[in-house]
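Student: I'd like a close look at one part of this protein. Could you take me through a pocket and the strand beside it?

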Amino acid sequence: MKLSYESAKRMAFKLGRSSAERPLYLLAILITLSVTLQAQNPGEFDANSLTNSLLTLPLCDQPEADCSPSSSAMPPQQGSGQNAASGSNSSKNDWVHSWFRKVDEARAIQPHYVSPIVTTHVLLVQQFRYDMSWQQDPTGGTVTSNYGASRGLEIIPTTRLEVGLFVPPYMAHQTKTPDGFGDFSWQVKFRAFSAPEGKGDYFVGLFLGGSFPTGTPPNGLGHSVLSPTFAIAKGFGPWDVQTTIGANLPASGTNLLGRTIIFNTALQYRIKGIIWPMVEQNSTFWSGGTLDGKKQVFLTPGLVLGRFPLAERLHFMVGGGLQIAATQFHQNNHRWILSVRFPF
């Protein structure tokens, strides 16, 4: 006598209504499977049908219509691989990956020079930079240390813009001048025209920076300042030249600070793509204020090493230089500079 699967299923459900009848319920299942398997020919046995039969038996104390197989027990569907791929693709379409794609696009359409030691980097860059300097004061042979040097986080939000936010530097003096923090500063760069190596190798941009009087004099200026800048760069094989000309325009206190014209030029040479010897000239001209008519020029030989990979996008660079006074008037004799950068 052949017992149908549906009849056995209904019988098992009736036996399984109460906890006391659970042993009979399990026994009914075993008997049903045994009878069913014996009634089949050896060639007709299907492991999948057996698995599906077990999974569809009601295993709860509710009426049969309310019982459903656990989703965790269901066999994997054919589309599971497609779902995983879809999830992976969606994770790559979030705002972080979209932002990084814009950064890579910006880097691809401009040259690939490194940041000079003193001169504002002409290109759009995305990095965290921390500089330190130790300058010899003009009199007394004392040293003033600057930790931070108005450098900080630089990011590329679009292919034409860079935004820099620079934490206030900390100034430490060997004189009786009180130590303390300087001013908070910022900068926005706009890329007007550019082309990478092999397609022109140049960059033209307009920058706007400034500072807020968060520090206290002499560690801070005590007044807000705006700093518009015009920047150009051109590569010639392994050589490149970066030039900026700008102004510091105080929003107040002009009678004390005056207005200054800042003119910087950096000449770099690339060796093996990771060694960058360079020399810079850094000039400042005053108009108005207590230093009206004064000018100072510094020459800065330096060296930058990198980029060395640290993680998927994170790299490490380090550089240093010595700023040397080249004019009779100078606010400090010379200044040692150490620069650490983390492009990402």
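Tutor: Here is a walk through the second largest pocket, then one strand in its lining, and then a few unusual backbone spots.

A quick note before we start: this is a predicted model, where local features need pLDDT of at least 70, side-chain atom pairs count only at pLDDT 80 or more, and totals for chains, interfaces and linings use all residues. Residues are numbered from 1 along each chain as its sequence is written, and side-chain values use heavy atoms, with hydrogens and water left out.

So, the pocket. On a 1 Å grid over the protein atoms alone, a pocket is an open set of points where a 1.4 Å probe fits, with protein on both sides within 12 Å along at least five of seven lines. The second largest one holds about 280 Å³ of space, a volume being the space filled by probe spheres set on the points, which are joined across faces, edges and corners. Its lining has 20 residues, and His112, Tyr113, His121, Val125 and Arg307 lie nearest the centre; to count as lining, a residue needs an atom within 4 Å of a point. Strand E13 (295–309) and strand E15 (334–343) are the elements that give two or more residues to this lining. Strands here are DSSP runs of E, at least two residues long, numbered from the N terminus.

Now follow strand E13. Arg307 sits in this strand, and a cis peptide bond with omega of about 5° is not what you'll find there: Gly306 and Arg307 are joined by a cis bond with omega of about 25°. The bond with omega of about 5° is the cis one between Pro217 and Pro218, and Pro218 is in the loop between strand E8 (202–212) and strand E9 (225–236).

Back in strand E13 you'll also find Val304. Val304 has a relative accessible area of 0%, so it is buried (buried means under 20%, exposed over 50%, partly exposed in between, with a 1.4 Å probe and protein chains only). Leaving out residues up to four places away in sequence, Val304 touches a list of residues including Ile274, Trp276, Met317, Gly319 and Arg341, where contact means heavy atoms within 4.5 Å. Gly319 is 15 residues from Val304 along the chain, yet their C-alpha atoms are separated by 3.9 Å.

Last, two more backbone spots. Most residues other than glycine have a negative phi, and most peptide bonds are trans. Ser150 has a positive phi, near 55°, and is found in the loop between strand E2 (143–148) and strand E3 (153–158). With a relative accessible area of 31%, Ser150 is partly exposed. Lys272 also has a positive phi, near 55°, in the loop between strand E11 (259–269) and strand E12 (275–287), and Lys272 counts as exposed because its relative accessibility is 78%.

Note on methods. Helices (H or I, at least four residues) and strands (E, at least two) are DSSP runs, numbered from the N terminus.
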